[in-house]
Amino acid sequence: MDHRKASLRDEEVIQIYRTMYLARKLDERQWMLNRTGKIPFVISCQGHEAAQVGAAWALQAGSDAVLPYYRDLGVVLTLGVSPRDIMLAAFAKAEDPSSGGRQMPNHFSDPTLNIFTQSSPTGSQIPHAVGFAWAFKVRGEQKVAFVSFGDGTSNQGDFHEGLNFAGVHRLPVLAFVENNTYAISVPYHKQVASKTIAERAQSYGMEGVLVDGSDPFLVYEAVKNARERALEGLGGTLIEARVSRLVPHSSDDDDRTYRDQKELEEEKARDALGKMRTYILDKSLIDDAALEQLEKDVMDIVNDATAYAERAPYADPSTVKRYVYAEAE
Ligand SMILES: Cc1ncc(C[n+]2csc(CCOP(=O)(O)OP(=O)(O)O)c2C)c(N)n1
């Protein structure tokens, strides 16, 4: 889709590409750090960036409640989480703002940006988001709750209970499914009988929208429209973005045991990040030299975040009980 059809300015398109590129490079760096034994775990955004940045571009940072899931590096970077904060969590250092180095990486949280952490059981963030939306409605606040998750998670009880409640009460919830067609090793056709996840919205009395998650402008438009409907009191939307998972489920997984590598190579050839790079050059939104400089600047940021987090101190062992037990005043 042409970005002008989505009323996006040229400069915004460059920023969207930059954020997608930053997410990819931070993610790749984490795999290198994991394979060299420096960080314990990686769970990737690779292949989801276009959908994530496009979706978050339509949100009001610091006002809307955002309950992302572990792949949503592109969402949280768009909303203002810094690369240093991402790396501090990856290295489990004391200064990590999401948990002081205690939580698994990618359980993103930043209360100053209204980003609230998910719990590790997948889908538990959905009823939490519905609760936020209910509060917004009761208080008459012009805000929405955005919650994201994967296709496998749309089979959890929390999904059905949360969306049913949101539908009954016409709550301003944007439920965003990043459908990469795998739940670890289980392919879509073995977990969902319907053709799409979006069509499940009908049974909750909500709008359902299916969108190509490799096109950030389409995703932006879908989320923006859904947000406007929600603010008009017309209820929530279930948005399904079709994306690709370009790497194994996590750094503890070997996808060669269950995934057709030819299919994976085909998905890599259609990588949304490469498509976006071609788009901004073809539309002359940037020239080769400026794009090279932009990418070099991003790598400097990734290097800075890595060095900063690696040098940062671990939490003091005497604080081990902090955030687990209430502390005496
Ligand atoms: C309730 C629950 N069951 C199982 C798990 C283990 N688990 C972690 S991620 C995951 C797959 C989720 O797949 P999906 O929702 O499609 O998201 P994706 O990782 O593919 O983006 C599973 C089964 C969990 N964390 N919580």
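Which residues does the UniProt annotation "domain: Dehydrogenase E1 component" cover? According to that unreviewed entry, the annotation covers residues 17-317. The views below all come from a predicted model.

**View 1. The annotated span, residues 17-317.**
Welcome to the overview. Helix makes up 43% of this span and strand 11%. If you look for the two ends of the span, you will find their C-alpha atoms 41 Å apart.

**View 2. The residues around the ligand.**
The ligand has 15 residues around it, and P121, G150, G152, T153 and A183 come nearest. Two elements, strand 2 (145-150) and strand 4 (182-183), give two or more residues each to this shell. By type, the shell holds five nonpolar, seven polar and three charged residues.

**View 3. The largest nonpolar core and its residue A145.**
This core has 88 residues, and those touching the most other members are A145, V173 and I239. Helix 1 (residues 10-35) gives the most to the core, namely nine residues. Now pick out A145: leaving aside neighbours within four places in sequence, A145 is in contact with D64, A65, L67, A129, F132, A133, F136, P172 and V173. Notice that V173 appears in this contact list and also among the residues with the most core partners.

**View 4. Helix 1 from end to end.**
Here is a check you can follow yourself. Helix 1 has 26 residues, and at 1.5 Å a residue it should span 38 Å; the end C-alpha atoms are 38 Å apart, so the two values agree. After helix 1 comes G37, with a positive phi near 80°.

**View 5. R24, a buried charged residue of helix 1.**
R24 sits in helix 1. Is R24 buried or exposed? It counts as buried because it has 23 C-beta neighbours inside 10 Å, and 20 or more are needed for that label. Beyond its neighbours within four places in sequence, R24 is in contact with Q46, E49 and L273. R24 and S250 are 226 residues apart along the chain, and their C-alpha atoms are separated by 15 Å.

**View 6. Helix 2 (residues 49-57) and what covers it.**
Nine of the nine residues of helix 2 are buried, so the helix is largely enclosed by the rest of the structure. The buried residues are E49, A50, A51, Q52, V53, G54, A55, A56 and W57. E49 is also one of the contacts of R24. The cover over helix 2 includes helix 1, helix 3 (73-79), strand 3 (173-179), helix 7 (216-231), strand 7 (237-242) and helix 9 (272-282).

**View 7. R71 in the loop between strand 1 (65-67) and helix 3.**
R71 counts as buried because it has 27 C-beta neighbours inside 10 Å. Not counting residues up to four places away in sequence, R71 touches I43, S44, C45, H48 and E178. V42 is 29 residues from R71 in sequence and 9.7 Å away in space, C-alpha to C-alpha.

**View 8. S7 and A92, two residues with positive phi.**
S7 is not a glycine, yet its phi is positive, about 55°. A92, which is not a glycine either, also has a positive phi of about 55°. S7 is found in the segment before helix 1, whereas A92 lies in the loop between helix 4 (83-90) and helix 5 (125-139). Their surroundings are worth a look too. S7 is exposed, with 11 other C-beta atoms within 10 Å, but A92 is buried, with 21.

Technical notes. Residues are numbered from 1 along each chain as its sequence is written. This is a predicted model: local features need pLDDT of at least 70, side-chain atom pairs count only at pLDDT 80 or more; totals for chains, interfaces and linings use all residues. A residue is near a molecule or strand if its C-beta atom, placed from the backbone, lies within 6 Å of it. Helices (H or I, at least four residues) and strands (E, at least two) are DSSP runs, numbered from the N terminus. A nonpolar core is a set of buried Ala, Val, Leu, Ile, Met, Phe, Trp, Tyr and Cys residues joined through C-beta atoms within 7 Å. A residue is buried if 20 or more other C-beta atoms lie within 10 Å of its own, exposed if 12 or fewer, and partly exposed in between; C-beta atoms are placed from the backbone. Two residues are in contact if their C-beta atoms, placed from the backbone, lie within 7 Å. UniProt positions are given in the numbering used here, feature names are shortened, and annotations may be inferred rather than shown by experiment. The expected span of a helix is 1.5 Å times one less than its number of residues.
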